[in-house]
Amino acid sequence: MPNSESGFGFGQSWPNLGRRAANILALASFGLVILAGLLAAVMVERVNSTADWVAHSLEVEGGASELLGKLQDLELAKRGFLLTRSDGFIPSYDEARTAIPQALAKLRSLVADSRDQTARVDRMGLSIQDILTTSARTIELGRNGQFAEAIAFVMAGRGQQTLESFRAIVNEFNAAESDLLKKREAAEATARAIMLGMVLVFLASAAGAALGALLLSGALIRELRQRTEALAEETRVRKDTQAILAQTQKMESIGQLAGGIAHDFNNLMTVVIGNLDSAERRLARGGPADASSIGRPIAAAMQGARRAASLTQRLLAFSRQQVLSPQQVDLNRLVASLSEMLTRTVGETIAVETILGSGLWPTFVDVSQLENAIVNLVVNARDAMPDGGRITIETANASLDEAYCRQFGDVAPGQYVLISVTDTGTGISPENLTKVFEPFFTTKSASMRTGLGLAMIYGFVKQSKGHIRIYSEVGHGTTAKIYLPRMIGAARAESVPAAARVESAQSPTARPGEVVLMVEDDEDVLNSTVVLLRELGYSVLTARNGAEALAQLKGGKRVDILFTDVVLPQGMNGRMVAVEALALRPALPVLFTTGYARNAIVHNGQLDPDVQFLAKPYTLEELAQKLRAGLDGAAPAL
């Protein structure tokens with residue numbers, strides 16, 4: 001691992017400097033290769049130029065030879081005419097005389113780039129002019145019939161001397177052209193050698209630069225590999241540290257949750273045990289039976305037990321493990337039915353206003369849990385307004401788009417039914433707003449605190465595939481918004497809100513001869529429930545596991561309803577027992593009970609269709625109502 005100095009000094013600058021140097025070397029190598037290519041192209045051009053000069057020299061020498069040939073043709077035609085005295089040589093003479101100036105002009109244009117050669121061509125021109133003049137004089141004498149004078153003029157040798165002089169100039173011209181060509185070839189060869197050397201130098205430099213860039217890149221790659229390995233090790237250590245921190249935080253949360261549960265349960269058990277102990281001591285004194293003196297501690301113990309059961313249900317709601325029995329719900333009807341009760345709950349100093357949305361979609365939710373959630377929110381709003389204020393309960397249709405859902409990550413885009421509760425109270429500070437759904441967190445005074453209300457609501461909403469958000473500003477109030485999925489298609493019969501339900505004044509009892517087969521592995525629960533069943537007038541058959549229950553059914557005894565715990569020993573749960581029982585007696589009603597059930601009769605947090613369920617702990621009234629509903633329905637539970 002690099003030390004702190006290298007981490008902030010050379011250690012940090014080296015990769016940047018190395019990358020820059022490698023880039024510069026790579027660019028230099030590329031540039032040198034391009035320059036070498038350009039020089040090679042120039043060399044090829046110079047080679048072509050040398051070939052052009054050779055061709056040019058050959059053309060110049062050919063032009064000089066052509067000019068000499070035309071002069072010779074002129075001389076031959078002249079001599080032929082004088083010797084034969086025939087005009088047949090005159091056309092050849094005229095043709096040569098016409099071609100000689102043209103050939104001279106062509107030769108002069110070919111050597112225009114050389115002053116010396118141009119001077120020699122000018123000398124040729126003077127000799128040619130002398131030859132043409134002498135020839136013209138000779139031909140003219142012959143045409144006039146003065147052949148003797150013409151021959152004498154030729155024999156004087158002036159024309160021959162002039163021609164020989166011309167040949168000498170031509171030889172000198174050709175030799176000079178050859179020397180010029182050699183000089184040009186030598187200059188081109190030197191230039192090519194220089195350029196070839198430069199090409200080799202550029203290529204060698206490019207190779208060196210490329211090698212340097214490669215070596216630097218290799219060093220950088222090694223450095224990068226080392227840094228990557230160090231970063232991977234640091235990431236692993238950080239991940240391990242984060243895992244340890246998460247585990248520590250998890251244990252702290254569990255400790256906080258356990259501490260809160262222990263605190264509340266100890267308080268509740270103190271109430272239950274203290275009052276039962278008081279009732280027991282009063283009975284032990286053996287004095288006159290005083291129903292009122294015994295009834296008060298028993299009632300207090302029952303109240304404590306009910307609070308303990310409520311605490312358990314709230315914990316299950318928070319952990320999203322409570323058993324839900326969802327039905328089609330009209331939120332407008334539900335809120336309207338609760339309005340009067342909520343008004344009494346908050347007191348005279350607080351106004352309760354309801355705003356019900358038109359064309360509200362139905363939702364599919366456990367109505368009892370939703371009622372509890374609304375009541376909890378209203379009570380929280382009341383407690384935030386000790387000096388009075390206004391609570392507004394509003395319903396509306398809502399659509400959550402992908403952008404909103406990505407922001408929170410715990411809700412799917414789609415259509416929802418919204419219920420919001422707004423107060424004009426003291427509000428919640430930003431630091432507390434992030435903690436409101438934590439179990440046992442509360443800003444209320446010790447006499448008012450429970451700390452599970454919002455945690456329970458959060459668990460219930462999430463278990464119902466919904467979404468909850470709380471918006472608050474200190475001094476300006478709070479708004480809690482619950483989004484429940486819109487229900488599509490038909491459902492079971494619409495539920496009746498609790499406020500609209502009318503309970504019977506007396507617990508329904510058994511009809512003559514009705515028999516309950518109870519399956520329960522806990523001895524204390526079995527004995528206490530048997531007492532309640534018999535008090536309701538039922539005959540009771542008992543079994544402590546599935547095998548005993550099936551044996552009772554196979555024995556042919558009368559059984560009107562199967563009342564079974566879900567969690568049973570010996571590998572057969574209550575659901576399995578019910579399946580086997582219905583195979584033996586297809587019309588047998590089944591009522592399930594449990595304190596906690598994960599998968600046997602509950603899937604996705606909801607009861608399976610047509611399952612009759614009674615949650616533990618239960619009262620005599622609740623047991624009587626569920627048994628009567630199961631018996632009167634007389635339909636198989638599976």
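User: Which residues of H13 meet which residues of H16?

Analyst: Thr529, Leu532, Leu533 and Glu535 in H13 meet Leu620, Leu623 and Leu627 in H16. Contact here is heavy atoms within 4.5 Å. By class, there are 5 nonpolar, 1 polar and 1 charged residues in that patch. The classes go like this: Ala, Val, Leu, Ile, Met, Phe, Trp, Tyr, Cys and Pro are nonpolar, Asp, Glu, Lys and Arg are charged, and the others, Gly among them, are polar.

User: What am I looking at, and how are things numbered?

Analyst: It's a predicted model, where local features need pLDDT of at least 70 and side-chain atom pairs count only at pLDDT 80 or more, while totals for chains, interfaces and linings use all residues. Residues are numbered from 1 along each chain as its sequence is written, and side-chain values use heavy atoms, with hydrogens and water left out. Helices (H or I, at least four residues) and strands (E, at least two) are DSSP runs, numbered from the N terminus. By that count the chain has 16 helices and 14 strands.

User: Why is H13 called roughly perpendicular to H16?

Analyst: The axes of H13 (residues 523-535) and H16 (residues 620-633) cross at roughly 65 degrees and come within 10 Å. Axes are lines fitted to C-alpha atoms, for helices over the stretch in contact, with angles from 0 to 180 degrees between N-to-C directions. The cut-offs are under 35 degrees for roughly parallel, over 145 for roughly antiparallel, 65 to 115 for roughly perpendicular, and oblique for the rest. That makes H13 and H16 roughly perpendicular. The crossing is also right-handed, meaning the near helix is turned clockwise from the far one by less than a right angle (anticlockwise would be left-handed).

User: What makes S2 and S6 edge strands?

Analyst: The open sheet of 5 strands has the order S2-S4-S5-S7-S6, with mixed pairing. S2 (350-355) and S6 (467-473) each have a single partner strand, so one side of each lacks a neighbour in the sheet. From one strand to the next, the twist averages 15 degrees.

User: How do you know that S7 pairs with S5 and with S6?

Analyst: Two strands pair if DSSP finds at least two bridges between them. S5 (residues 414-423) and S7 (residues 477-485) are joined by 8 bridges, and S6 and S7 by 7. Both counts satisfy the rule, and each pair runs antiparallel. For example, Thr422 has Thr479 in S7 as its bridge partner, and Ile468 has Ile482. S6 and S7 form a hairpin with 3 residues between them, and Gly475 in the turn has a positive phi of about 85 degrees.

User: What makes Lys465 and Arg85 worth a look in a phi plot?

Analyst: Neither is a glycine, yet phi is positive: about 65 degrees for Lys465 and about 55 degrees for Arg85. Lys465 is in the loop between H12 (453-463) and S6, while Arg85 lies in the loop between H2 (10-84) and H3 (90-110).

User: Are Thr138 and Met198 buried, or exposed, or something in between?

Analyst: Buried means under 20% relative accessible area, exposed over 50%, partly exposed in between (1.4 Å probe, protein chains only). Thr138, in H4 (residues 115-143), is at 0%, so it's buried. Leaving aside neighbours within four places in sequence, Thr138 is in contact with Lys78, Leu82, Ala150, Phe153 and Val154. Met198, in H6 (residues 158-284), is at 35%, so it counts as partly exposed.
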